[in-house]
Amino acid sequence: MVNLLLASFQKRIGGKLGVAPGTELLAAIDAAKDAGIPYSLDDRDIRTTMLRAWRSMSLWQKSKLLSAVAASAFGEVELTEDDLRELREQDVLSGLMDELAGHMPTLKRVLIDERDRYLAEKIRNAPGARVVAVVGAGHVRGIRTVLEGPAPREPLDVERVPPASPVWKWVGWSIPALIVGSLVLLAWTKGGAVAGHNLGIWILANGIPAAIGAVAGLAHPGTILAAFVAAPITSLSPLIGAGYVTAFVQAYLRPPRVRDFHDVAEDAAHPSAWWRNRLLKVFLAFLLPSLGSVLGTFVGGYKILSNLF
């Protein structure tokens, strides 16, 4: 979703300036083809970059990033040719990179510094006596610094996606274990009727908010029903969430059309279009029931633990 919002932001800027994002790279490829020159696309896979950035950030940094992305995606974009001319000045770009490093050092390291080294090594090891590299202006200073220095002795370890923190695995398993253990204790100490009553509380506490989330996303009636049924079950398993079930059901019952894929980057910039574009509605069918299920897990868990003690 973050990648989609960033793509939407790029497209909006390009629309205001009459230049589609990536046009300069396509022009470089066309020029190479016309001249019969071999070319290669050497940037790091965007999924690797995004996952490395996400898993390297703290919870607070992730919150700051999501807030900034949401603000840029849905806010008004005002960018003139004069602004672009100023941005092309190297000292302004350097200042922007330093500002990014101050606000989000992890993001700057993964998005800029790592890719500077990655691209520099691709350029250094490219075949041929002469190489022309077409890169974003924000990468020029870093790539030149790397190329002017000694070649690394060890291979770059910037294509590996770091594993998720084991803390979240413990949290993911501890909550279901706590709920199931509480229900078992209730049955043992206060009888099956009390345990059954609390199981009903768990089902309603999870199912109702998840279903409300699906309704808020204007999901298919089948998706709403799936949210109510799935949330109490998936909340007891860290392997799958309610949103995975509801997104699958929504995509199956209301599959996105070709025009939804075509318009998604533009529609993502308009909040109302999220309820109209079928592809974006699949995202809503994932996000909103998931939030409802999380809320229900805390409410239901609190109520069961209160009844236990």
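Helix H7 runs from residue 105 to residue 124 in this predicted model. Its 20 residues reach 27 Å from the first C-alpha to the last, close to the 28 Å expected at 1.5 Å a residue. As you trace helix H7, pause at Arg115, where the helix bends by about 30°. Arg115 is also one of the buried residues of H7. Look at which others share that label: among them are Leu107, Val110, Ile112 and Leu119, along with Lys108, Glu114, Asp116 and Glu121. Thr106, Tyr118 and Ala120 are on the list of buried residues too.

Now let's turn to the surface. Leu59, Val167, Trp168, Val171 and Ile175 make a nonpolar surface patch of about 480 Å². Which helix gives the largest share of this patch? Helix H9, residues 166-190, does, with four residues. Leu59 belongs to helix H4, which covers residues 59-74. Is Leu59 buried or exposed? Leu59 has a relative accessible area of 58%, so it counts as exposed, because exposed means over 50%.

For a contrast, find Thr234 in helix H11, which covers residues 221-234. Thr234 has a relative accessible area of 9%, so this residue is buried, because buried means under 20%. What does Thr234 touch, if we leave out residues up to four places away in sequence? Its contacts are Ile240, Gly241, Ala242 and Val245. Try picking out these residues around Thr234 in the structure above.

Note on methods: Residues numbered from 1 in each chain as written. Predicted model: local features only at pLDDT ≥ 70, side-chain atom pairs only at ≥ 80, totals over all residues. Heavy atoms only, no water. Patch = residues over 30% accessible without salt bridge, like charges linked within 9 Å, V, L, I, M, F, W, Y side chains within 5 Å. Areas by Shrake-Rupley, 256 points an atom, 1.4 Å probe, with all protein chains shown as cover. Salt bridge = Lys/Arg side-chain N within 4 Å of Asp/Glu carboxyl O. Helix = DSSP H or I, 4+ residues; strand = E, 2+ residues; numbered from the N terminus. Buried < 20%, exposed > 50% of the residue type's maximum accessible area, 1.4 Å probe, protein only. Expected span 1.5 Å × (residues − 1). Bend = angle between axes of the 7 residues up to and from the residue. Contact = heavy atoms within 4.5 Å.
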